[in-house]
Amino acid sequence: MSVEALSGKVFLLVTGASRGIGRQIAITFGSLLEEGSRVLLLARNKDALRKVASNIPSKVEVYTASTDLSKSTDVEFQEFLSEALKETTSDAFDRVVLVHNVGSLGDLSKSVNDMMDVNSWRELYHLNMFIPAILNAVVMNTFDNKTIKKTVINITSLYAIQAGIGSGQYSSVKAAREMYFKVFALENPDANVLSYSPGPVDTDMFTTVCETIADPEAKKMYIEMRQKKTVLTTEQTVNRLVQILKERKYNAADHVDYYDNL
């Protein structure tokens, strides 16, 4: 499948790439890249990252960095990029594609009135909001040549635009992250910016939601989806993402859900 956003010599960076949706994005996108492209995968699990890298065609150079993104800094991000760009330069690429996949759920078991631990809020916002913002800036400043086309994909959630019982932390940080990328899109009108909501996907995160979410109706719905085997696979949702990128019927920084009919 030919996708303009993944054509030419691409530098692809995916966060949270060792498992779940991030893993599948790395493999699916990597299989569509042309020779001379490079991939940088970030996550904590070194062995899992290597397995992901082994599933990407050998014509593409893959670099992995085992790191706890919740503790990463702008200097470390610059070092990761420098390592992935060794023996070449950022100007050697036609495109940069940055996928902000990393994230955490926060505590889904409590109402907002019970969330009084400021450190839990700080940790959640640090990983889900501050780290993507810093990484985004580092990547854009590294690939600052105006001729390099930029695609930025924010993996979001329906909870970013639809509140639910127990989703106080998760909904608020996802909404904040989407707004950040709306501002980024305004300030960078040449960038292709998309907030993609992948739908209910069979991942470890979905299991956690089923087990911990305070909303009884949502819990019942998610458990029934699992029983009826209507939960999406990572392949299904990433293939849909590829289709959305190919058709590009969305506007800058739009929230597009798996089930949306564009």
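The following exchange concerns the overall form of a predicted model and one residue within it.

Guide: In this predicted model, local features need pLDDT of at least 70 and side-chain atom pairs count only at pLDDT 80 or more, while totals for chains, interfaces and linings use all residues. Residues are numbered from 1 along each chain as its sequence is written, and side-chain values use heavy atoms, with hydrogens and water left out.

Visitor: What is the radius of gyration of the protein chain?

Guide: The radius is taken over C-alpha atoms, and the globule rule is 2.2 Å times the number of residues to the power 0.38. For 262 residues that rule gives 18 Å, and the chain's value is close to it, so the chain is as compact as a globular protein of that length. The radius of gyration is 18 Å.

Visitor: Is Asn-128 buried or exposed?

Guide: Buried means under 20% relative accessible area, exposed over 50%, and partly exposed in between (1.4 Å probe, protein chains only). Asn-128 has 1% relative accessibility, and therefore counts as buried.

Visitor: Which residue has its backbone nitrogen 2.9 Å from a polar atom of the side chain of Asn-128?

Guide: Asn-128 touches Gly-103, Ser-104, Val-173 and Arg-177, not counting residues up to four places away in sequence; contact here means heavy atoms within 4.5 Å. On another side-chain polar atom pairing, the backbone oxygen of Leu-124 lies 2.8 Å from a polar atom of the Asn-128 side chain. The backbone nitrogen at 2.9 Å belongs to Ser-104.

Notes:
Polar contact = N/O pair within 3.5 Å; in protein donor to acceptor, adjacent residues only side chain to side chain.
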